[in-house]
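Hello,

Here is the structure I promised to pass on to you. Please open it and keep it beside this email while you read.

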Amino acid sequence: MMPSVDILIHQAQLAEREGRRDDARSLFERALYSLRRVEDGKMASTLLRWIGRTYQADSDIDAAMDCLDAAIAVGELAGDAASVGHAINVQAIVHQQRGDLDTAESMYLTSRARAIEAGEMRLAAMTALNLGVIAVVRGDHEKTLRYYRTSLAEFRTLGAPKEVLMALNNMAMLCTDLERWDDAVRAFEEAVLRLKEVLDCNL
């Protein structure tokens, strides 16, 4: 009997975590081909994005971009702004990794707009963080600080301790570089508290 889509996805995600990307891709594709209903558009977009992510990890950029373009097209047809935003975010990451910061920045902004439209605040917070990373590479520390503050505030609202910890660490390092010592100390102190929360959750 053919495994359910949920089982295939679980197996694929496990394979991806273990670094078995060929197996993960094959399982994601089997899940994709198992979809039959019109209302499966969001899941189809998500699976195409995940398949694209495996190609990205294997440095097969052309295949990754083809999958992500397909994920965006399917998401648009399904009227799912969140799926489209997630796929655009991955494309932005690819452009950033290739050093095309202008395109990456534009795509992060588009992804963020789609995320906010869909109420996908975790993605919105992550795109703000990514935009901050681009700003710091360009040496625009004030812009970086604004994006980091936005990301931190949004992760706080979500109650996401791991992501808050990451944002606090970035904020603390930036404030150290800017010699804003009081802000840096506050960020580091809160980061320690958040680290304890994360560790307690993992026990």
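Which residues gather in a patch of negative charge on the surface? They are Asp60, Asp62, Asp66 and Asp69. Before going further, please keep in mind that this is a predicted model. One member of the patch, Asp69, has its place in helix H4, which covers residues 61–78. Its relative accessibility is 42%, so Asp69 counts as partly exposed.

Now step back along the chain to the loop between H3 and H4, where you will find Ser59. Ser59 is not a glycine, yet it has a positive phi of about 65°. Ser59 counts as exposed, because its relative accessibility is 58%. You can look for a similar case in Glu179, which is not a glycine either and has a positive phi of about 60°. Glu179 sits in the loop between helix H9 (161–177) and H10. With a relative accessible area of 55%, Glu179 is exposed.

Is Gln56 buried or exposed? At 14% relative accessibility, Gln56 counts as buried, since the cut-off for that word is under 20%. Gln56 belongs to helix H3, residues 41–57. If you set aside residues up to four places away in sequence, Gln56 touches Ala64, Val90, Ile93, Val94 and Gln97.

Next come the salt bridges. Side chains of opposite charge can pair when their charged atoms come close. How many salt bridges does the count come to? The count comes to 16 salt bridges. Here are some to look up.

Begin with Asp102 and Arg138, whose side chains meet in a salt bridge at 2.4 Å, N to O. Asp102 lies in helix H6 (residues 101–118) and Arg138 in the loop between helix H7 (121–137) and helix H8 (141–158), so this pair ties together parts that are 36 residues apart in sequence. The two partners can be told apart by their accessibility: Asp102 counts as exposed at 56% relative accessibility, while Arg138 is partly exposed, with a relative accessible area of 38%.

Lys143 and Glu105 form another salt bridge, and their closest N and O atoms are 3.1 Å apart. What does this pair tie together? Lys143 is in helix H8 and Glu105 is in helix H6, so the pair ties together parts that are 38 residues apart in sequence. Lys143 is partly exposed, with a relative accessible area of 22%. Glu105, in turn, is buried, because its relative accessible area is 16% and the word applies under 20%.

Asp183 also forms a salt bridge, with Arg186 as its partner and 2.3 Å between the closest N and O atoms. Here both residues belong to helix H10 (residues 181–202); they are 3 residues apart, so about one helical turn separates them. Asp183 is partly exposed, with a relative accessible area of 26%.

Salt bridges can also be followed through a group of residues. Which residues are linked in a network of salt bridges? Arg21, Asp22, Arg25 and Asp58 are linked in this way.

Finally, please turn to two leucines in helix H8. Leu145 lies in this helix, and so does Leu152. Leu145 has a relative accessible area of 1%, so it is buried. Which residues is Leu145 in contact with, leaving aside its neighbours within four places in sequence? Its contacts are Met171, Leu174, Cys175 and Arg180. You could also pick out Leu129, which is 16 residues from Leu145 along the chain; the C-alpha atoms of these two residues are separated by 9.9 Å.

Leu152 is buried as well, with a relative accessible area of 8%. Not counting residues up to four places away in sequence, Leu152 touches Val164, Ala167, Leu168 and Met171. For a separation along the whole model, try Leu152 and Glu16: they are 136 residues apart in sequence and 28 Å apart in space, C-alpha to C-alpha.

If you would like a place to begin, pick the patch formed by Asp60, Asp62, Asp66 and Asp69, and then go on to the salt bridge between Asp102 and Arg138.

Happy exploring, and write back with any questions!

Best wishes

Notes. Residues numbered from 1 in each chain as written. Predicted model: local features only at pLDDT ≥ 70, side-chain atom pairs only at ≥ 80, totals over all residues. Heavy atoms only, no water. Patch = residues over 30% accessible without salt bridge, like charges linked within 9 Å, V, L, I, M, F, W, Y side chains within 5 Å. Areas by Shrake-Rupley, 256 points an atom, 1.4 Å probe, with all protein chains shown as cover. Salt bridge = Lys/Arg side-chain N within 4 Å of Asp/Glu carboxyl O. Lys, Arg positive; Asp, Glu negative; His and termini not counted. Charge placed at Lys NZ, Arg CZ, Asp CG, Glu CD. Helix = DSSP H or I, 4+ residues; strand = E, 2+ residues; numbered from the N terminus. Buried < 20%, exposed > 50% of the residue type's maximum accessible area, 1.4 Å probe, protein only. Contact = heavy atoms within 4.5 Å.
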